[in-house]
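Student: Got a minute to walk me through this one? I'd like the quick tour.
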Amino acid sequence: MKTALITGSAQRIGAQIAKTLHAHNYNVIIHYRHSSKEAQTLADELNQVRTDSATLVQAELSDTQALQTLANGIKQLDVLVNNASVFYPTPIQSADKNDWSKIINTNLMTPFFLSQFLAATLAKNQGCIINIVDIHAQRPLKNHAIYNISKAGVAMMTQTLAKELAPEIRVCGVAPGSILWPENAAELNTEQKNKMLNKIPLNKQGTPQDIANTVLFLANSPYITGQIINVDGGRTLNQ
Ligand SMILES: NC(=O)c1ccc[n+]([C@@H]2O[C@H](COP(=O)([O-])OP(=O)(O)OC[C@H]3O[C@@H](n4cnc5c(N)ncnc54)[C@H](OP(=O)(O)O)[C@@H]3O)[C@@H](O)[C@H]2O)c1
C-alpha cells in the first residue's frame, strides 16, 4: 500500500486529490491548518471505505519548526503533494512585508523545506513530489504580484528539485487554470467571472477532479520528471 501526504487537503482541490489517490489504493495523510471539521469528515469518509487508510495532521506550514515536526512524524511516504496555498490580491501600491511573508512562506518556502525534510523518506520508496503550481507562474495575473512571484518560484523549484533529487525522487507539477472561484478576500463579482470564462477556449472552468486526475497520472508515470502540466481548458493559448 502506497502513502500520499497532501497539504491543505481538508477541502476544495486538495480534498479531491486525497479522495482520488485514496480511490486508487493510496493511504492518505490529510494535512489541514484551520479546517479541522472538514478534515475529520473526509478522513471518516475514507476510513469507512478502508479501515486506517486516512490519517490527519494539523500544522501551520509557514512555521519551519512545525514543518520539521510534521516531517519527523512521517515514517513512510511515496507521494508528497504540495497543494496548500494563500491567494489574495496584493496591489503594488499597498502590498507590504506582511503580505510578502504570508504568501511567500506558505506558497514557496513550505514546499521547498517540506521536500527537503521528507526527501530521505521519499527516496526509500523511489517516491515523487507533485507541486500544485498555477498558469500565472508564466503570465502574471494583474494585482497579484506576490502570488505570481510565489508560483513562478514553485515552477522553478519543480525543475531544480527534479535535477537535485534524481534519480531517487521525481518532481513534477500541475498548473491549474480557473478551477474553483476564490473565496473571502479574493472573491470576484459576476462581471469579473464572465470576463475570465470568456478567455477559456473550452468555455468553462475546470473541476478539482481534472487536477486530481493529473496528479494521479504523474504519480503513476515513472519516466516523467521536471515537467509541469497545464490543466486550464486552453486558457494559456489566450494569455
Ligand atoms: N482554485 C483555483 O481555481 C486554482 C487556480 C490555480 C491554481 N490553484 C492552486 O491549486 C491549489 C489548491 O487550490 P484551492 O483553491 O483549493 O486552495 P485554497 O482553498 O485557497 O487553499 C487550500 C488550503 O491551504 C491551506 N493553507 C493555506 N495557508 C496555509 C498555511 N499557512 N499553513 C497551512 N495550511 C495552509 C488551507 O487549509 P485550512 O483550510 O485547513 O486552513 C486551505 O484550505 C493551490 O496551490 C492553488 O494555488 C488553484
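Tutor: Sure, one term up front: helices (H or I, at least four residues) and strands (E, at least two) are DSSP runs, numbered from the N terminus. This is a predicted model, where local features need pLDDT of at least 70, side-chain atom pairs count only at pLDDT 80 or more, and totals for chains, interfaces and linings use all residues. Residues are numbered from 1 along each chain as its sequence is written.

Student: OK, where is Arg12 found?
Tutor: Arg12 sits in helix α1, and its phi is near 50°, a positive value in a residue other than glycine.

Student: Is Arg12 buried, exposed or partly exposed?
Tutor: Arg12 is partly exposed, because 17 other C-beta atoms lie within 10 Å. The cut-offs: buried is 20 or more other C-beta atoms within 10 Å of its own, exposed is 12 or fewer, partly exposed is in between, with C-beta atoms placed from the backbone.

Student: And which residues are closest to the ligand?
Tutor: Gly8, Arg12, Arg33, Ser85 and Ile179, out of 25 that surround the ligand (C-beta atom, placed from the backbone, within 6 Å of it). Helix α1, residues 12-23, gives the most to that shell, with three residues.

Student: Switching topic: where's the cis peptide bond?
Tutor: From Ala166 to Pro167, with omega near 0°. Pro167 lies in the loop between α5 (145-165) and β6 (170-176).

Student: What about Asn203's phi?
Tutor: Asn203 has a positive phi of about 65°. Asn203 is in the loop between α6 (190-197) and α7 (208-219), and is exposed, because just 10 other C-beta atoms lie within 10 Å.
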